[in-house]
Amino acid sequence: MIARIAALACLLAFPVAAQDFSAGSEAKPWNLYAEQPARFEARVVDLLCTFTGNCPEDCGAGRRQLGLERVADGVLVLPMKNAQPAFSGAAVDLVPYCNQTVEVDGLMIVDPDLGADNIYLVQRIKPSGGDWTAANRWTRDWADNNPDAPGKGPWFRRSPRILAEIERNGYLGLGPEADAAYIKELFK
């Protein structure tokens, strides 16, 4: 009986073992729960196109969430972050490779308890026949697109879009009056 259970456990474990893409990865750890290094080849896809058939040629020019369709098994991996500490998205880094096959290196988060399945933090991208490129373009891209953002400091404190949203809906998203009441209560 124990031998059958062990054999069944081995069969069930095989697909998990097949999902180990850590070989050759040089990803730097973020010490996030359930992170694992992962390096694999994938086709960069426009997720909105994949799910709805709405497919602009340029994958939305960086305005859409992009995905990675892994070559080895066809699994759709969701690149949620690039290599920057600001937890910025990876679309700006991936959009130059729209509909191309690239090799990526980063961290994968898969944890059923968290409901996380193939969440990916891309750190490097290598096009076919090319060299590795760090996935850290987001803040430079933001600065290029917001040359007149007032003040100094991190982008998120100067972003006209974020400042307008805070002015309209407050820091908590409940309106300036709710912010004032919360701040008054917090600092009693």
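**Exercise 1: Pairing the cysteines**

Work out which bonded cysteines pair with which in this predicted model, numbering them in sequence order.

*Solution.*

Step 1. Start with the count: the structure holds 2 disulfides. As a reminder, a disulfide is a covalent bond between the sulfur atoms of two cysteines.

Step 2. Find the partners. Cys49 is joined to Cys55, with an S to S distance of 2.0 Å. Cys59 is joined to Cys98, with an S to S distance of 2.1 Å. Each distance can be checked against the cut-off, which asks for sulfur atoms within 2.5 Å.

Step 3. Number the bonded cysteines along the chain and read off the pattern: 1-2, 3-4.

**Exercise 2: Two disulfides and their surroundings**

Describe the handedness of each disulfide, and say whether its cysteines are buried, partly exposed or exposed.

*Solution.*

Step 1. Take Cys49 and Cys55. The torsion about their S-S bond is about 85 degrees, so this disulfide is right-handed.

Step 2. Look at how open these two residues are. You need the cut-offs here: buried means under 20% relative accessible area, exposed means over 50%, and partly exposed lies in between. Cys49 has 22%, so Cys49 is partly exposed. Cys55 has 43%, so Cys55 is partly exposed too.

Step 3. Move on to Cys59 and Cys98. With 75 degrees about the S-S bond, their link is right-handed. Cys59 sits in the loop between helix 2 (47–52) and strand 2 (66–70), while Cys98 sits in the loop between helix 3 (91–94) and strand 4 (101–111). The pair therefore ties together parts that are 39 residues apart in sequence.

Step 4. Apply the cut-offs again. Cys59, at 1%, is buried, and Cys98, at 13%, is buried as well.

**Exercise 3: Elements and the nonpolar core**

List the order of helices and strands, then find which strand gives the most residues to the largest nonpolar core.

*Solution.*

Step 1. Count the elements: the chain has 7 helices and 6 strands. From the N terminus on, they run α-β-α-β-β-α-β-β-β-α-α-α-α.

Step 2. Turn to the inside. Of the 188 residues of the chain, 32% count as buried. The largest nonpolar core has 22 residues, and those with the most contacts inside it are Phe40, Leu68, Val104, Tyr120 and Ile125.

Step 3. Ask where the core residues come from. Strand 1 (35–46), strand 2, helix 3, strand 4 and strand 5 (116–127) each supply at least two of them. Strand 1 gives the most, with 4 residues.

Step 4. Zoom in on Phe40. Leaving out residues up to four places away in sequence, Phe40 touches several residues, including Phe21, Leu68, Val77, Val104 and Tyr120.

Step 5. Look at the chain as a whole. Among contacts between residues at least 6 apart in sequence, 56% join residues at least 24 apart.

**Exercise 4: Salt bridges**

Say how many salt bridges the structure has, and work through some of the pairs.

*Solution.*

Step 1. A search of the whole structure finds 8 salt bridges. The idea behind them is that side chains of opposite charge can pair when their charged atoms come close.

Step 2. Consider Arg43 and Glu69, whose side chains meet at 3.8 Å, N to O. This pair links distant parts of the chain, with Arg43 in strand 1 and Glu69 in strand 2, 26 residues apart. Arg43 is partly exposed at 31%, and Glu69 is partly exposed at 33%.

Step 3. Next come Asp73 and Arg70, which form a salt bridge at 2.9 Å, N to O. Asp73 is partly exposed at 31%, whereas Arg70 is buried at 2%.

Step 4. Another pair is Glu185 and Lys188, at 3.4 Å, N to O. Lys188 has 76% relative accessibility, so Lys188 counts as exposed.

Step 5. Look for shared partners. Salt bridges of this kind join Glu26, Asp105 and Arg124 into one network.

**Exercise 5: One residue in detail**

Where is Asp105 found, and is this residue buried or exposed?

*Solution.*

Step 1. Asp105 is found in strand 4.

Step 2. The relative accessible area of Asp105 is 0%, so Asp105 is buried.

Step 3. Check the contacts. Leaving aside neighbours within four places in sequence, Asp105 is in contact with a set of residues, among them Ser25, Glu26, Arg39, Tyr120, Arg124 and Trp132.

Technical notes: Residues numbered from 1 in each chain as written. Predicted model: local features only at pLDDT ≥ 70, side-chain atom pairs only at ≥ 80, totals over all residues. Heavy atoms only, no water. Buried < 20%, exposed > 50% of the residue type's maximum accessible area, 1.4 Å probe, protein only. Helix = DSSP H or I, 4+ residues; strand = E, 2+ residues; numbered from the N terminus. Contact = heavy atoms within 4.5 Å. Core = buried A, V, L, I, M, F, W, Y, C linked by side-chain atoms within 4.5 Å. Salt bridge = Lys/Arg side-chain N within 4 Å of Asp/Glu carboxyl O.
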